[in-house]
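Student: Please give me a close look at one part of this model, the packing of its helices. Go contact by contact, and add what lies around them.

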Amino acid sequence: MDREILKLAIPNIIANITIPLLGMIDLALMGRLGNEDFIGAVALGTMIFNFIYWVFSFLRMGTSGFTAQAYGTGNMAEAITILSRSLFVGLLGAGFLMIFQVPIAMLSFSLIQGSAEVESLAGEYFSIRIWAAPATISLYSLTGWFIGMQNARSPMFISIAINIFNIVLNLLFVFRWNMLSNGVALGTVVAQYLGLLIAVWILLKKYFRLLPYWNFKKALNRAALRMFVMVNKDILIRTLCVLSVLTFFTAKSASTDDTILAVNSILLQFLLFFSFFVDGFAYAAEALTGKYIGAAKPALLKQSTRRLFIWGAVVALLFSGTYLFGSDLILNLMTTDKEIIDLAMVFVPWLVFLPLVALPAFIWDGIFIGATASVSMRNTMLAATVVFFLIFFLLRHQLNNHALWLGLILFMLTRGAGLTILYKKHVFSRLG
């Protein structure tokens, strides 16, 4: 079981780690142009697309859960039908983004404001990068499908390839053809389509025997499509709750003062880095839970759940220990501003507990996604979001910035506790 978990988790961890690397390189490229407006434009544009595509991440999660269950039952015709259904829904979403790109851009820049020059450059960046939407969203469907098929290596190779393509193309467009921030946008568009070509090539090469089962009419079966949309709707609501909490966290930090904004932004990177690792085990949970539910193997489901939590606990303890004993060193690597470092150290104790508290939420999310128990996930996340805002508004005057961190801790704790309580009834009971 441990070998099976690691075979799924490690490639996903590697793929996750490559994601922030690209953003750092893009900003470094802009930083060498001698004009901070280019940095601001790419940062602003990237933030908008991160938000848009994070919303569409429900497609990856929903696809992996349904596919893993079909894989567990050995129903390969249903598995390939799920992929076609997911691609259909995803391309509808991509079409919506491109058709309404102008009002989406206007709304985005009204909510996230910058200087006139930065907004102008970011608008050009947006108008180019939006054309990557069909490729990017299709890759969510394909990635989720590969994971559901117990194949974590293909998404890892695709992710690494996209990042390599992106870096090389950005260097060419920016420094060879002097396209500046527009070159970064175009490089991303081309890299996404090249990544999609690789994903399709893997699909044709590795799963060619399933292609005769491809039935678009069956994919659009009203009852099945409704079920697919309903599960993904619940996952979308869950994702929007996470976004609302993190966006509010950043907005309140910014409204306090620039130093608190800098401190909280840096400390949130600690949580982000932890999530890259523990998400690998959450993805493994999606694949294994769906497979064992589909195959009706309760003993293996129970065993995989136990081992996933053990591996997750190892990761959480390593990160908590690192934050306890190494935060000062990490902060000094991230900034040279002594005021920010000193103030950040005041809030480090929250970070020490955060991996341990957040672990159950991450692992249970993967298990519930694999079981397509989306209603439980949605309701637990809604309750956790209410707890976050309630704690902050009740204690903000007494605790100031600590109220945000306490709210975040209780947000994670509520998610984990709620899903722990609901597991037996909404996941394990499905096996009879």
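Tutor: Start with handedness: a crossing is left-handed if the near helix is turned anticlockwise from the far one by less than a right angle, and right-handed if clockwise. Keep in mind that this is a predicted model.

Take H7 and H9. The two helices cross in the left-handed sense. Their axes lie 9 Å apart, at an angle of about 35 degrees. On the H7 side, the residues in contact are Pro134, Ala135, Thr136, Ser138, Leu139, Leu142, Trp145 and Phe146. H9 answers with Gln192, Tyr193, Gly195, Leu196, Ala199, Ile202 and Leu203. By class, that contact holds eleven nonpolar residues, four polar ones and no charged ones.

Follow Ile202 out of this contact. Ile202 meets H7 as part of H9, and Ile202 is one of the residues lining the second largest pocket. Rolling a probe the size of a water molecule over the atoms shows where empty space is left. The second largest pocket has a volume of about 220 Å³. Its lining includes Lys7 and Leu8, the run Met149, Gln150, Asn151, Ala152, Arg153 and Ser154, and also Phe157, Lys206 and Tyr207. Helix H1 (2-31), helix H8 (153-176) and helix H9 (180-206) each give two or more residues to that lining. The largest share, three residues, is from H8. The class split is six nonpolar, three polar and three charged. Compare the H7 and H9 contact, with no charged residues.

Now step back along the chain from H7. Ile130 sits in the loop between helix H6 (116-129) and helix H7 (133-148). Its relative accessibility is 1%, under the 20% cut-off, so Ile130 counts as buried. What does Ile130 touch, leaving aside its neighbours within four places in sequence? The partners are Phe49, Leu97, Met98 and Gln101. For scale, the C-alpha atoms of Ile130 and Ser376 are 33 Å apart, with their positions 246 residues apart in sequence.

Gln101 leads to the next pair. Helix H5 covers residues 101-111. H5 and H6 pack at an angle of about 145 degrees, and their axes are 11 Å apart. This crossing is right-handed. Gln101, Ile104, Ala105 and Phe109 are the H5 residues in contact. In H6 they meet Glu119, Ala122, Gly123, Phe126 and Ser127. The classes here are five nonpolar, three polar and one charged.

Ala122 of H6 has another partner. Gly45, in helix H2 (residues 36-55), is in contact with Ala122 and Tyr125, leaving aside neighbours within four places in sequence. Gly45 counts as buried because its relative accessibility, 1%, is under 20%. Gly45 and Phe100 are 55 residues apart along the chain, and their C-alpha atoms are separated by 17 Å.

One more buried site is worth a look. Thr380 belongs to helix H15 (residues 374-399). Its relative accessible area is 7%, under 20%, so Thr380 is buried. Not counting residues up to four places away in sequence, Thr380 touches Thr414, Arg415, Gly418, Leu419 and Leu422.

To recap the packing: H7 crosses H9 in a left-handed way, whereas H5 passes H6 in a right-handed one. Ile130 lies in the loop that joins H6 to H7, and Ile130 is in contact with Gln101.

Technical notes:
Residues numbered from 1 in each chain as written. Predicted model: local features only at pLDDT ≥ 70, side-chain atom pairs only at ≥ 80, totals over all residues. Heavy atoms only, no water. Helix = DSSP H or I, 4+ residues; strand = E, 2+ residues; numbered from the N terminus. Buried < 20%, exposed > 50% of the residue type's maximum accessible area, 1.4 Å probe, protein only. Contact = heavy atoms within 4.5 Å. 1 Å grid on protein atoms, 1.4 Å probe; cavity = no way out; pocket = protein on both sides within 12 Å on 5 of 7 lines; lining within 4 Å. Points joined across faces, edges and corners; volume = space filled by probe spheres on them. Nonpolar A, V, L, I, M, F, W, Y, C, P; charged D, E, K, R; others polar. Axes fitted to C-alpha atoms, helices over the stretch in contact; angles between N-to-C directions.
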